[in-house]
Amino acid sequence: MAEGEDLQTFTSIMDALVRISTSMKNMERELVCPVCKEMYKQPLALPCAHNVCHVCASEVLLQHGYLCCDPTSEPSSPAATPATRSPRLGRRAVPKPDRLDRLLKSGFGTYPGRKRGTVHPQTVSFPCPACQRDVDLGERGLGSLFRNLTLERVVERYRQTINISAAIMCQFCKPPQLEATKGCTECKSSFCNECFKLYHPWGTQKAQHEPTPPTLTFRPKGLMCPEHKEEVTHYCKTCQRLVCQLCRVRRTHTSHKITPVLSAYQALREKLTKSLAYILSSQDTVQTQIAELEETVKHTEVNGSQAKEEVSQLIQGLCAMLEEKRATLLQAIEECQQERLASLHCQIQEHQAMLENSGMVGYAQEVLKETDHPCFVQAAKQLHNRILRATDSLQSFRPAATASFSHFQLDVSRELKLLTDLAFIRAPEAPVIDTQRTYAYDQIFLCWRLPQHSPPAWHYTVEYRKTDAKAKGLKLWQRREEVRGTSALVEYLDTDSIYVLRVKGCNKAGFGEYSEDIYLHTPPAPVLNFFLTTAGFNRDRLAISKDQRAVRSVPDPMLFAAERLMTSCHLSIDLVIGDVAITQGKSYSCCVDPSSYLVKVGVGLESKLQEWFQVPQDVVSPRYDPDSGHDSGAEDTTVEAPPPYAFLTIGMGKILLSHGSALTSRDPNGCTVPLPPRIGICLDYEQGKVSFYDAVSFRELWECSVDCSGPVCPAFCFIGGGALHLQELVANKQERKVTIGGFAKLD
């Protein structure tokens, strides 16, 4: 029974040792310098939150042309002994002390890290080997960096853990060395009892040194300011740097947020503890993510091999096609060559027959000896045809075939360019939102385009979500996938809300980057869809478009005459209304031509508008004033706007804003604002109020009350010429309202 318990205890101890050993080995990666790949020795904390040995940092700066002071410690310190010094220090040529003194006195290399050949102060740039970025160390270079004492302590504890049986030997004993029993921070050395007494005699200043446990790394008791050599007592949150009392009062930290180091310690310790506790409590999640990453690694290896195989097959297919094409082209050249050679050989034989000692000439000479007339005629007739052909070829000699094969040349410039441009398919670049064509009305109409040199996209994905400042978390993105073309409609949106939208393209290479987010504001109320009615309007001065969404007023000739005479005249008010009567809150937008003389947009009671048609009204034009811009409001002094009407006055590219109860009343405090591209009108039927706003920026322009005791219609007044058109619905609905008594009722 006892043997079983002992075995179980031994097994648990071994398992614990294995876990400790594994943990220490994993931690060793955090304790290795990225330059020398050894344990940190006097590590310095870089501004980029990485660490590097003092010796390694000095060597890196020397390689980049900076002059650094000798980073080694005193000869008696362990850092200077051959057992602990970096092996690269023996190969590096260290400047002599007298040379350093001359350089320092001459102003050359005043601080560690000063560039060679410069006298004026300059900032030192250190290439961090961990993050591969250039870190600005300021004018002092390495002299402005803090020594990471905490990291040194961790390294020392790690060394003691993995070398439990390794003893620290005395550095001053003659061989054989004795085990060290004491250490001295001031001397930066470890001693045995006898050597400590010998090097710290009574009656001397060294006798006041306090002994410490023996160690291989000697550190100062506290963290000191590298500039003033004072103990750090505060932490600058603005610079994120520890400072001493002298640093605190310097001009560099004026108006900075500085807190005591104890407060910074407590806050950071609490944050680190919470973060570490969260990580330790999420070990299952970490294991799951590790498994997912390992699975991704496997898929990466498989997919990479598959991609290599596909590319190899495609290239082999191209090579096979080229080889087949090569054989076909060579066969064509060979056939042409054989045909030409046959023709040339035949021509050579014909010319050889004309030689003196050839058979044809000898045969002709023998035929000429024939005396029998009939026989001669019979033989000479055949021979004479051959002689004529030979004579013709001799007189008009020309080779039967040309030796040039220039027409068999290949132009492979296009193919070579294609092969040169042969590359992997790239995903589309981030689309660019077309803000000129994108707008929000009854729906959101989103337009975009790809950059000029972007690979094409097969389709796009549009993502959008509603932003709510009061909500604690962000809402999830909603998607419209596989959108063809470069525009999309986003439907079923809430009124008076802000939506953020983005787009990304996709092709065979996958999805590209998202476009920049665009924020669009929906109208404050449901959008009213209506058309301009043709009932009751003056056809001599008004013209309505075929789709009944735009109207233009022709200016009265009397106005131009009055303008030339610098006087006023009576003008008619032309009224145009919508074909819809409203009995609930609605909004609509319109665009007014900036060159319009005077236009009023708004709403009015249906009954009062009907009376207006029956009794036309006139208005006196304003007196000529070159600086007024026709926005003085004088024309409104004669046009009484009763409560049943609510109009916004627009003229010559400006809006007349009045602080009175009615916009048409004469108000000396009135002002003008530039005319926005679109004017929005929102009716709160229940509250009896109308608000006018900039339909692009949704900046409120003016608000007034209106009589909503009955149906209300959109209304527009033209004085002296002008034009406007209604904002087209994104949905572009073509159905018309059912008209009852000239107006469609919309409840």
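A residue counts as buried at under 20% relative accessible area, as exposed at over 50% and as partly exposed in between, with a 1.4 Å probe and protein chains only as cover. The structure in these views is a predicted model, in which local features need pLDDT of at least 70 and side-chain atom pairs count only at pLDDT 80 or more, whereas totals for chains, interfaces and linings use all residues. Residues are numbered from 1 along each chain as its sequence is written, and side-chain values use heavy atoms, with hydrogens and water left out.

**View A. Tyr588 and Phe716 form an edge-to-face aromatic pair.** Twelve is the count of aromatic pairs in the model, given here as 12, where rings of Phe, Tyr and Trp (its six-membered ring) pair if their centres lie within 6.5 Å, with planes under 30 degrees apart called stacked, over 60 edge-to-face and the rest tilted. For Tyr588 and Phe716, the centres are 6.0 Å apart and the planes stand at 80 degrees. The two rings join distant parts of the chain, with Tyr588 in strand β28 (residues 586–592) and Phe716 in strand β37 (residues 712–719), 128 residues apart; strands (E, at least two residues) and helices (H or I, at least four) are DSSP runs numbered from the N terminus. Tyr588 is buried because its relative accessibility is 3%, and Phe716 is likewise buried, with a relative accessible area of 0%.

**View B. Phe692 and Trp702 form a stacked pair.** Their ring centres lie 5.9 Å apart and their planes meet at 15 degrees, so the pair is classed as stacked. Phe692 belongs to strand β35 (residues 689–694) and Trp702 to strand β36 (residues 700–705), and the two residues are 10 apart along the chain. Phe692 and Trp702 are both buried.

**View C. Ring pairs join Phe172, Phe191, Phe196 and Tyr199 into a cluster.** The contacts that hold this view together are ring pairs, linking Phe172, Phe191 and Phe196 with Tyr199.

**View D. Arg502 takes part in a salt bridge with Glu463 and also sits over the ring of Trp477.** The model holds 10 salt bridges, each a side-chain nitrogen of Lys or Arg within 4 Å of a carboxyl oxygen of Asp or Glu. The side chains of Glu463 and Arg502 come together at 2.8 Å, N to O. This salt bridge spans distant parts of the chain, from Glu463 in strand β17 (residues 459–467) to Arg502 in strand β20 (residues 498–507), 39 residues apart, and both Glu463 and Arg502 are buried. Arg479 joins Glu463 and Arg502 in a network of salt bridges. The charged end of Arg502 lies over the ring of Trp477, 3.9 Å from its centre, under the rule that NZ of Lys or CZ of Arg is within 6 Å of the ring centre and within 35 degrees of the ring normal. By that rule the charged end of Arg340 likewise sits over the ring of Phe405, 4.5 Å from its centre.

**View E. Asp494 and Lys466 form a salt bridge.** The closest N and O atoms of this pair are 3.1 Å apart. Asp494 lies in the loop between β19 (487–490) and β20, Lys466 lies in strand β17, and 28 residues separate them. Asp494 counts as partly exposed because its relative accessibility is 39%, and Lys466 is partly exposed, with a relative accessible area of 23%.

**View F. Arg414 and Glu415 meet in a salt bridge.** The N to O distance between the two side chains is 3.4 Å. Arg414 is exposed, with a relative accessible area of 58%, whereas Glu415, at 34% relative accessibility, counts as partly exposed.

**View G. Ten side chains, among them Val311, Leu410 and Phe424, make a nonpolar surface patch of about 910 Å².** The other contributors include Ile315, Leu318, Leu329, Val412, Leu416, Leu419 and Leu422. Helices α8 (283–352) and α11 (413–420) are the elements that give two or more residues to the patch, and α8 gives the most, with four. Val412 is placed in the loop between α10 (373–395) and α11, and it is partly exposed, with a relative accessible area of 37%. Patch residues have over 30% relative accessible area and no salt bridge, with nonpolar side chains joined within 5 Å.

**View H. Three strands form an open antiparallel sheet in the order β2-β1-β7.** The edge strands are β2 (51–53) and β7 (146–147), each with a single partner strand, so one side of each has no neighbour in the sheet. Strands pair if DSSP finds at least two bridges between them; β1 (residues 43–45) and β2 pair in the antiparallel sense over three bridges, and Leu44 has Val52 in β2 as its bridge partner.

Note on methods: Patches are made of residues with over 30% relative accessible area and no salt bridge: like charges are joined within 9 Å, nonpolar side chains (Val, Leu, Ile, Met, Phe, Trp, Tyr) within 5 Å. Accessible areas come from the Shrake-Rupley method with a 1.4 Å probe; for residues, only the protein chains shown count as cover.
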